[in-house]
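Welcome, and thanks for taking a look at this one. The report below walks through open space, enclosed space, ring contacts and one strand.

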Amino acid sequence: MKKNIAILLLCVMVIFPGIGCKGVGEKYKMPIEVWGTFDNSNAFTEIFDKYAQINTSVTTVDYRKMTLESYKKDLLNALAAGKGPDVFMIQSSWLPDFQDKIVPVPQSIIAEDEFRNTFIDVVIEDMVVDNQIYGVPLSVDSLGLYYNKDIFNAAGITRPPQTWEEFDKAVQALTEFDEFGNIKKSGAAIGTAYNKGGAINVNKASDILALLMIQNGASMSSKDTGVIDFGKSTSSGGKSVAAGEAALKYYTSFASADSGVYTWDKNRNYSIDEFFEGRTAMTINYSYHYDTIKAKNAKLNFAVSDVPQISLQNIGSQANYANYWVFVVAKNKVPIQSDDTRLVRITDAMRVHESWQFLRALTFPSAKGIILANAVSGEKLLYATEFDFTEKYLTTTNKPAARRDIIDKQKSDVRLGAFARGNLIARTWRRHESDAVDAIFYDMIDRVNSRQMSAEQSINLGEQRAQQLQN
């Protein structure tokens, strides 16, 4: 493999003499250490080895899979000590908490207009702050509607609902009750946050509620001022209704025995379990749970469709909700030095340069080649290659893309199509301490379910609590 690359480089030096042999610059060697959570090392082995072969200034790219439960704490401790990774993954919503600990990409490596042309809108909205790019993704996930085809067929429903109005009708047709009015089979896993024991029984309930709020017109937060706003007014039935209140009322109506769409309550088990066991017909979730469901019940006849919208005619109101991870570069780390005294000593600026060069190669299209610049001299080499690092990763992991060119290929995919299409209209919102905000959303739902508060009161309290985290 190395021999083939060396021959390729010789050809490139001949074809591009202006970029060629002078590009060796000052010689240095450094490793790049990468931390992540969900992916096993085999998702990256070929990709990282390939990059180390191409970039002769990088000795190795080493991936370390961390334990999700302690990842954030371990990461913060390591960064504080200057002994963390060069590159690490963060959940996109963590950016406000990590922004002072990471280095934005130099414009000489990734220009803002190129970034905007390459990735979907939600990535641009989240990762560009004050004209600086802070992170790059390999994949973005958005919500899809999982549905049990056997239950749909038995009820005579020929296609999954595309709007929430159709969703309501499907729920009514699919929900079964016993003679005492208890739910025997649920139409959809939606309406609560917790079960009677206090455990979460709707996976991603906070994201589903946030989706409904955004679709109803809530601005959620201001990127510039940090002001939380769940209450942007919208028109509903001829009168002004706060978007957050309307969304919370709608979400919790599925757990209210007084509503016409009662289908779920605190007696239900965990939503993913209820779905793979065939006790609920629909659930809303991300693409990574496709494998979860398959692993638990390989015989389940299910499919995934686009998440419902308020209207198919009003394109401007259509939205999905994104949940994804990005690669970022650590601000402070003591660079690892080579033992070879003939090589230039690595500075932190050189480490940052090589880390961002690596992330560009990892996440951007490479059909036109990969340009690598020497961190000391600035001189460049162009490496022609047909190997696309991102496509290799997505093929290995079966994940939806963040890049527009790859989404175009995934839109008609049976497994990934709904999520790829959803990514094009996906949104999220800027917030501090996202885990704490999720808990606030669960509490907003639960206070309405338990009738401790009205939807209006619960939304107002939730907004106040989320705002306190911003300060």
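## A strand with both sides buried

A residue is called buried here when its relative accessible area is under 20%. Please keep in mind that the model is predicted. With that cut-off in hand, strand S14 (residues 282–285) is a good place to begin: Met-282 and Ile-284 point one way, Thr-283 and Asn-285 point the other way, and all are buried.

S14 also has a partner strand. Strand S7 (residues 144–148) runs antiparallel to S14, and the two pair over four bridges. Within that pairing, Gly-144 has Asn-285 of S14 as its bridge partner.

## The largest pocket

How much volume does the largest pocket have? The value is about 1200 Å³. Its lining is made of 48 residues, and those closest to the centre are Phe-38, Leu-68, Tyr-288, Asn-323 and Trp-325.

Several elements of the chain each supply at least two residues of this lining: helix H3 (68–80), strand S3 (87–91), helix H9 (205–215), strand S16 (320–323), helix H14 (389–397) and helix H17 (434–449). If you like to think in terms of chemistry, the lining of the largest pocket divides into 19 nonpolar, 16 polar and 13 charged residues.

## The enclosed cavities

Turning to enclosed space, there are three cavities of 30 Å³ or more. The largest cavity holds about 40 Å³ of space. Around the largest cavity sit Ser-206, Asp-207, Ala-210, Tyr-321, Trp-429, Arg-431, Val-437, Asp-438 and Phe-441.

Which elements give two or more residues to the lining of the largest cavity? They are H9 and H17. By class, this lining has five nonpolar residues, one polar residue and three charged ones.

## Trp-429 and its ring partners

The model has 32 aromatic pairs. In one of them, Phe-230 and Trp-429 meet edge-to-face, with 5.7 Å centre to centre and 85° between the planes. This pair joins distant parts of the chain: Phe-230 belongs to the loop between strand S11 (228–229) and strand S12 (233–236), Trp-429 belongs to the loop between strand S20 (426–427) and H17, and they are 199 residues apart. Phe-230 counts as buried because its relative accessibility is 0%, and Trp-429 counts as buried because its value is 5%.

Trp-429 has another ring pair, with Phe-441. Why is the pair of Trp-429 and Phe-441 tilted? Their planes are at 35°, and planes under 30 degrees apart would count as stacked while those over 60 would be edge-to-face, so the rest are tilted. The ring centres of Trp-429 and Phe-441 are 6.1 Å apart. Along the chain, Trp-429 in the loop between S20 and H17 and Phe-441 in helix H17 are twelve residues apart. Phe-441 is buried too, because its relative accessibility is 2%. Both Trp-429 and Phe-441 also help to line the largest cavity.

## A ring cluster and charges over rings

Ring pairs also link a cluster made of Phe-44, Phe-48, Tyr-51, Tyr-63, Phe-327, Phe-358, Phe-387, Phe-389 and Tyr-393. Phe-387, one of its members, has Lys-50 over its face at 4.9 Å from the ring centre.

A charge sits over another ring as well: Arg-360 lies over the face of Phe-364, at 4.9 Å from the ring centre.

How values were computed:
Residues are numbered from 1 along each chain as its sequence is written. This is a predicted model: local features need pLDDT of at least 70, side-chain atom pairs count only at pLDDT 80 or more; totals for chains, interfaces and linings use all residues. Side-chain values use heavy atoms; hydrogens and water are left out. On a 1 Å grid over the protein atoms alone, a cavity is a set of points where a 1.4 Å probe fits but cannot get out, and a pocket is an open set with protein on both sides within 12 Å along at least five of seven lines; lining residues have an atom within 4 Å of a point. Grid points are joined across faces, edges and corners, and a volume is the space filled by probe spheres set on the points. Ala, Val, Leu, Ile, Met, Phe, Trp, Tyr, Cys and Pro count as nonpolar, Asp, Glu, Lys and Arg as charged, and the others, Gly among them, as polar. Rings of Phe, Tyr and Trp (its six-membered ring) pair if their centres lie within 6.5 Å; planes under 30 degrees apart count as stacked, over 60 as edge-to-face and the rest as tilted. Buried means under 20% relative accessible area, exposed over 50%, partly exposed in between (1.4 Å probe, protein chains only). A charge sits over a ring if NZ of Lys or CZ of Arg is within 6 Å of the ring centre and within 35 degrees of the ring normal. Two strands pair if DSSP finds at least two bridges between them.
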